[in-house]
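Work through the exercises below with the model open in a viewer. Each task is followed by a solution in steps.

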Amino acid sequence: MRVQSSATAPTGIAVTGPPRTLGTVQAALGVAAFSLTFPATAWGLEGFGPWSLVAVRSVLAALIAGGCLLALRVAPPSRSAWPGLAVVAAGVVVGFPLLTTLALRTSTTAHAAVVVGLLPLTTALLSALRVGARPSRTFWTASLAGAAAVVAFTVQQSGGALTTADLYLFTALLVCAAGYTEGGRLARVMPGWQVIAWALVLCLPVSVPAAALALSYEPVHLTAHGVAGLLWVAAGSQFLGLVVWYRGMAAIGIPKASQLQLAQPLLTLVWSVLLLGEHLTVAAPLTAAAVLVCIAVTQRARG
């Protein structure tokens, strides 16, 4: 039988679920999990090549997700949902992890965190285009201001021109935003955690041979950091973080959960210093704070 969620209506208002305090904690745990993704990826690159890290990450996350689907006896989605799941898989499971991993070979996690801080704005833009909404002038002004701040920061940090890593990061923004937008649409008709779970399972026919091929060509050096980074991006970032994030949204609603996510780029900057020993320029936290303000304005403008 199909497992039904006690999650939310499309408006993001909780129907049933855990108490609001627990929901806030769960959403905050999701944000904390996502903020660790870039530092964990940097650790993973100490032991694995970029293609191996992404492919093995996808396989491990899919095995966890598939185990949960089997344990809960969740029926497969309807045929009409699979094209949308393919977009989620291409953007969130494959595109974003691969592009950001390739970028982090030469970019610092602090730099990447500031650039990817535009993700909520990019998702909002694509979501508006997808559903035919007409955001207010305030929304567009704040979005463009946030984008301009990140572009200026990127060009300044890169010595006056965009680097290959920057191009990877900006492309990652677009594909991930597309995956989030389509995932948000699907989450109106099926539990959110099942969206990412089925997207991960959908990738298995590609990720398994890709992992085998990548591991045969890229050298592997098993270190504590490398293994810990791989396990975190697979279990924490790719699956469990999304589970608690969606459950938190179900309890407190999308608007309040989105406000918590504003802290994600700043948290990543903190992790980059504590875990990786990176030195932050003054521009990094200032730009992240500017983007945070712009996102807050867009949230208010969207009501």
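**Exercise 1. Surroundings of S237**

Task: In this predicted model, find which residues S237 touches, not counting residues up to four places away in sequence, and decide whether S237 is buried or exposed.

Solution.
- Step 1. Locate the residue: S237 belongs to helix α10, which spans residues 224–252.
- Step 2. List the contacts. With residues up to four places away in sequence not counted, S237 touches A33, F34, T37, R57, W232 and L242.
- Step 3. Check a C-alpha distance. S237 and G30 are 207 residues apart in sequence, and their C-alpha atoms are 8.4 Å apart in space.
- Step 4. Classify. The relative accessibility of S237 is 6%, so S237 counts as buried; the cut-off for buried is under 20%.

**Exercise 2. Two residues of helix α9**

Task: State which residues A197 and S207 contact beyond four places in sequence, and classify A197 and S207 by accessibility.

Solution.
- Step 1. Place both residues. A197 is in helix α9, residues 192–217, and S207 is in helix α9 as well.
- Step 2. Take A197. Leaving aside neighbours within four places, A197 is in contact with A65, L69 and F239.
- Step 3. Add the spatial separation: A197 and Q238 lie 9.4 Å apart, C-alpha to C-alpha, with their positions 41 residues apart in sequence numbering.
- Step 4. Take S207. With residues up to four places away not counted, S207 touches A55, S58 and V59.
- Step 5. Classify. A197 has a relative accessible area of 0% and is therefore buried. S207, at 6% relative accessibility, also counts as buried.

**Exercise 3. L60 and the partly exposed class**

Task: Determine what L60 touches and why L60 counts as partly exposed.

Solution.
- Step 1. L60 is found in helix α3, residues 50–71.
- Step 2. Not counting residues up to four places away in sequence, L60 touches L230, L231 and A234. Of these, L231 lies in helix α10.
- Step 3. The C-alpha atoms of L60 and F239 are separated by 9.7 Å, although 179 residues apart along the chain.
- Step 4. L60 has a relative accessibility of 28%, so L60 counts as partly exposed. Partly exposed is the range between the buried limit of 20% and the exposed limit of 50%.
- Step 5. Follow L231 to the surface. L231 forms a nonpolar patch with L215, V220, L222 and V227. Together these five have about 430 Å² of accessible area.

**Exercise 4. Helix α2 and its partner**

Task: Describe how the axes of helix α2 and helix α12 cross, and which residues make the contact.

Solution.
- Step 1. Helix α2 covers residues 37–44 and helix α12 covers residues 264–276. Their axes come within 8 Å and cross at roughly 35 degrees.
- Step 2. On the α2 side the contact is made by F38, P39, A42 and W43; on the α12 side by T268, W271, S272, L275 and L276.
- Step 3. Sorted by class, this contact has seven nonpolar, two polar and no charged residues.
- Step 4. Consider T41, which also lies in helix α2. T41 touches L53, R57, T101, L104 and V233, with residues up to four places away in sequence not counted.
- Step 5. T41 has 2% relative accessibility and so counts as buried.

**Exercise 5. Two exposed residues**

Task: Where do R73 and T21 lie, and which backbone angle of R73 deserves a check?

Solution.
- Step 1. R73 lies in the loop between α3 and α4. R73 is exposed because its relative accessible area is 67%.
- Step 2. The angle is phi, near 55 degrees in R73, a positive value in a residue other than glycine.
- Step 3. T21 is in helix α1, residues 20–35. With a relative accessible area of 63%, T21 is exposed.
- Step 4. T21 and A251 are 8.6 Å apart, C-alpha to C-alpha, and 230 residues apart in sequence.

**Exercise 6. The whole chain**

Task: How many helices and strands are in the chain, and what percentage of its residues count as buried?

Solution.
- Step 1. The chain has 13 helices and zero strands.
- Step 2. Of its 303 residues, 48% count as buried.
- Step 3. Among contacts with a separation of 6 or more, 87% come from residues 24 or more positions apart.
- Step 4. The accessible surface comes to about 14000 Å², and 69% of that belongs to carbon and sulfur atoms.

Methods:
Residues numbered from 1 in each chain as written. Predicted model: local features only at pLDDT ≥ 70, side-chain atom pairs only at ≥ 80, totals over all residues. Heavy atoms only, no water. Axes fitted to C-alpha atoms, helices over the stretch in contact; angles between N-to-C directions. Helix = DSSP H or I, 4+ residues; strand = E, 2+ residues; numbered from the N terminus. Contact = heavy atoms within 4.5 Å. Nonpolar A, V, L, I, M, F, W, Y, C, P; charged D, E, K, R; others polar. Buried < 20%, exposed > 50% of the residue type's maximum accessible area, 1.4 Å probe, protein only. Patch = residues over 30% accessible without salt bridge, like charges linked within 9 Å, V, L, I, M, F, W, Y side chains within 5 Å. Areas by Shrake-Rupley, 256 points an atom, 1.4 Å probe, with all protein chains shown as cover. Salt bridge = Lys/Arg side-chain N within 4 Å of Asp/Glu carboxyl O.
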